[in-house]
Each structure stands twice: as structure tokens, then as C-alpha cells.
Amino acid sequence: MNVAAQFRKAIARRLAHISSCSEAEVLAALGTPKTSLMHQFNIPLPRVFPKDRLPDARDLADKFGSCDPLIADVSATGKFLNFGVRRTEYIKQTLQQVYQEKSSYGCHTQNVPQTVVIDYSSPNIAKPFHAGHLRSTIIGNFVKRINEAMGHRTIGINYLGDWGKQYGLLSVGFEKYGNEEELQKDPIHHLFQVYVRINSEKDELVEQQANAYFKRMEEGDPQALAQWRRLRELSIQSYGPTYQRLGIEFDRYSGESEAEPYLDRVYDMLQQRDLITVDTETGAWCVDLEEENLGRPIVRRADGTTLYLTRDLAIMLQRMEQYNFDTGIYVIGNDQGHYLQRLFCIAQKLDIASQLKHVSFGKVNGMSTRKGTVVFLDDILNTAQEQMEKNMRESGKYDELMETGVEKGNERLLGSEAVDTVADQLGASAVIVQDLASRRVLNYDFSYDRMTTARGYTGVFLQYTHARICGIERRTGVPITSDCDFSLLNEKEAFELSVLISQYPDIVELSWRQLEPCTLVQYLFKLAHSASQANAKLRIKDMDPKLAEARMLLLWSAKTTLANGLRLIGVEPLERM
């Protein structure tokens, strides 16, 4: 149990004892502790007591008393009860918990962990990695990590657009314009160039050849499928290093091509449940969802071909048989909301899955590289990296980092290699934090200059705060120990920072319940700001050893909590920059 929960429990136990409410009712009304110096918890009495039995708040405060070992004082304000904690005890328990749990601080355990399948990123092979794919990738990675932090088993799936007539067109184009050397060097960019070139011809013969090629693929032609598999695998391999720059690994690469073995079963299930209606005008098969205000979506065209909806149902059936998942999460833009409502409704009618969630997000405005408008993920990261290196040169950090180097894994990088590594990690941090800083359903304006500044609410500021505390640890050499005199931490900055640190497990759980990354990111901004204030006020170097140890543990705990939160949003914290 985290420290904030222990103090809430103490309040609930005492309040239930002196009144007619239950502990559970009090706990439901008590929220995250506040950094206020006056009181840290409060409870609105109307949320706990019926209107006709609402007690007087001052009377309850008097009955509560001041004998509790965790709660120092109780006061009344209108219909609110306010509770102030015993500060030294609160600081002690908070910092000792972080010291004991370290990188697992904030993680939760489940008696019965759920299996959660997460569908995210999902670019189309041979097409640009557009803004929607970037948001899906970053937000999906957060959803995966926050579920893991809550003790659940997760399967992250990159569901590629790897099937359809466009692959017939791509194959025809590759036969005409493909270059083996360029393909091996950079598959994604070369295939995109080929696709653009063949698609621009607008030749009826090319269209016929593309249709014929895809028909061969659907019929299982070995030569056509061999070429398709080769281009697909080369594309997946080329995605790997780029995803790695964002700290992202998928448990599985999947795609529309895997739907074929399950399509007939989906049609059989639809017919067995009498869900199919035939459109009298077109001959297409539909599912009547008029009662749900979702219209009559088509699941098979008159010519017998499938649609995205049919293939997605087939893939969902495949995933249920492979993973027997409890929850399926689709990280897709707001504009796909109506489509997913239809998909989920049909899936539930077929009993394929019961718990399905759409983690939606808004659009990105103004995202392009400075060299053009076609956006690939590595172009975005390269531009951010270049901007960070420019900032490092202007700030004087470039030469310092060239000399001191940086650790990466078990090796130490020096010179330009160290600079490139740090600039790349800072650039990725900037991209990720800018994306996650606001509510995900909102649109936002993409800005390389704004997101790469060290001031303000940016990923660079979070990294700088973490690296600065690491530097204090190195320079002072004060040991990190939980055997401290916590009564020495009597400044308001120490208490406020401790309360913020204690909020972290609650923030993790709230972020998971909402599947809202900005809840965590905004908390990390507050934590970093409070840590900076504490660092400016609470000197460590050349201080009395006991005082220095207590202050060092406080800053170390803030750094550890910050690092844990950064990893949850997909950012690897830097120790030097």
C-alpha cells in the first residue's frame, strides 16, 4: 500500500469510528493528497452522508481529535473536513517507500492480471508515416506501458496495412522502376518512390496489371506471394531501428493479410445469428444496426470481396483464439470513432469479444520536415535531433559533452558519438512529450522550435531536471541511504516535494483508468518544477553530513519518481546532457 493510501486509510478508519459512515464511503470521497501547507486531505461531507443525516463539520472535527499517529490536525470549512498530516512521518514513509521500491515505485499488482491486446501505430507499407501514425505509435506505447505498470499482461500489435490492390500496383511498379540496391539500403523510402511513380502514370493498362497481380495474390500464386512477403519483411526490418529511437518494441507485427483464414468463419457466424440482410439494390451483405443508430454497414460486396470491417472482425477472432484477451484496445484517431462503434457492436453480437475500447486522439497541425512535406517517422526524429544539436552548440553544452561522454548500456560513448546519442534522445523526448502534454482527443500544433526548448513545459525540461539531479549526486558524493534524520527536512519545499512524490502511485492508477497520458505528463511537469525549487533552496554540498543525507535522499527520490514516470510515457531518462 502506498503512503497516501495509508494516510487515507487512517482518516477513514477514525471517521467511520466516530460517525455512521463506512470506511469504504470515506475512502471513495478522499482524493489525491494536496501540497498545501495547511491541509493535505479533505472530504465533502455531502458525498458521504445523506442530506437528512448530514453532521456538523465542526462537531466531527472535535470528535476526531489530534491523537492519531499519522494525522496532526482536523479542521472544518463549511461542509468540508480538512486533514493535516504529521509532516515528518509523511516525509519519512514516502522517501523510504521510494528507496525500497526504486524502479518499481508506482507499479501495482493484480490478484488476477488481465490480458490486454493493444492495436497501435499501423502504418501502410510503401506510404508515408503520417501524423496519425505518429500519434497512434506514441499514445499506444503509453497505453501498453501503463497497463504493464498496473500489473496486466499486454500484447502490443502493429497491424500493418499490407494487403489490397495497392500491393498489386506496387509490385507492377517495382518490376518497372525497382532498384535492388536502393531497396536493400532503404526499403520504405524506395518503395514509396516506386509507388508514387507508378501511381502517377494513370494508365489503364497499369490498372489492369495491378488488379491481375492482386488477384494472383488472393488466389495464392506462389511467385506473387513470394514477392509480396519479401517486400513486406524488408519494410518491417527497416521500421525496427526507427521505432527503437522511440523506445518502442512490438510483441507482434500483424496485418490485413492474416484475415483470409478467418473470413469464412466470420460469415458463418453472422449467418448463424441471422445478422445478414441482403441489399435489394446492390446485392451486398449488410448487418442491420439501425436500433443502435449505426446504420447498415456492408460486410461483403456483391462481387464477394471483403471490406475493412470484415477483415477487422476476422483479425479480432484470430486474436481472441491466440491470446484469449480480456480487453482489446484500438489506438486510432477521432475520425474513426463511428467505424469502431460499428466494429465493436458487431463483435459483441458475435460474442467475439466483450471488452473493447477506442483510445481516440485528435489531429496534428503543421507537421512536416524542414526539407519537404512528405513525412516519415525517421525524418521527424532526424529534424528534432538536428535542432537539439544546434541548441547544445548555442548553450555551450556541445564541447562539454564531447569531452565527458555519456554512458549507453555497458559502454561509454565519447566525442561526436556521445553528442549524437544525447541529441537523438532529447529529440525523441521532445516529440513524445509535445504529443502527450495535452488531452489526447484535442488537436495540437506541431512545432520543432517550441518542443525543443529547455524552458517551459517540454520533454527537454524534464530531461534536464533528471540529469541535473544525477550531476548533484556525482559532484557531492553524498551516499543515498534511508537511514536519515527526517526531522531535518522541515522546509516547506521539502514537504511539498515529498507530497508530490507520494502522489505518483495514485497518478499512475488515474492515468490507467482514463488512458490519458496528459494526466501523467502534467504531473511530471509539477514534480520537475518542485524538484528544481527544492534544489535551489536545500543546499547539499558542504552541509552537515546528516542534513546532506536527508536532502540527498529527497532529491534522489524525486529523480527516481521522475525517471519512472518518463519511462511510462516512453522516454529513457538521461544522466548527462
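**Group meeting: two buried residues and a small sheet**

Okay, let's start with His108: skipping its neighbours within four places in sequence, this residue is in contact with Ala149, Met150, Gly151, Pro505, Val508 and Glu509. Keep in mind that this is a predicted model.

So where does His108 sit? You'll find His108 in the loop between helix H4, 87–101, and strand E4, 115–119. Its relative accessibility is 19%, and because the cut-off for buried is under 20%, His108 counts as buried. Now the polar side of things. The side chain of His108 reaches the backbone oxygen of Pro505 at 3.2 Å, and a polar atom of that side chain also lies 3.4 Å from the backbone oxygen of Gly106.

Next up, Ser530, which is in helix H20, residues 517–537. Ser530 is buried too, with a relative accessible area of 6%. Leaving out neighbours within four places in sequence, Ser530 is in contact with Glu496, Leu497 and Leu500. As for Ser238, which is 292 residues away along the chain, its C-alpha atom is 41 Å from that of Ser530.

Last bit, the sheet. We've got an open sheet of 3 strands, ordered E1-E3-E2, with antiparallel pairing. Strands E1 (41–44) and E2 (71–77) are at the edges with a single partner strand each, so each has one side without a neighbour in the sheet. From one strand to the next, the twist averages 20 degrees. E2 and E3, residues 80–85, run antiparallel and are joined by 6 bridges; for Ala76, the bridge partner in E3 is Leu81. And what packs on the sheet? That's helix H3, residues 57–64, which touches E2 and E3, its direction making about 165 degrees with that of E2.

Terms used:
Residues are numbered from 1 along each chain as its sequence is written. This is a predicted model: local features need pLDDT of at least 70, side-chain atom pairs count only at pLDDT 80 or more; totals for chains, interfaces and linings use all residues. Side-chain values use heavy atoms; hydrogens and water are left out. Helices (H or I, at least four residues) and strands (E, at least two) are DSSP runs, numbered from the N terminus. Buried means under 20% relative accessible area, exposed over 50%, partly exposed in between (1.4 Å probe, protein chains only). A polar contact is a pair of N or O atoms within 3.5 Å; within protein, one must be able to donate a hydrogen and the other to accept it, and residues adjacent in sequence count only if both atoms are side-chain atoms. Contact means heavy atoms within 4.5 Å. Two strands pair if DSSP finds at least two bridges between them. Axes are lines fitted to C-alpha atoms, for helices over the stretch in contact, and angles run from 0 to 180 degrees between N-to-C directions.
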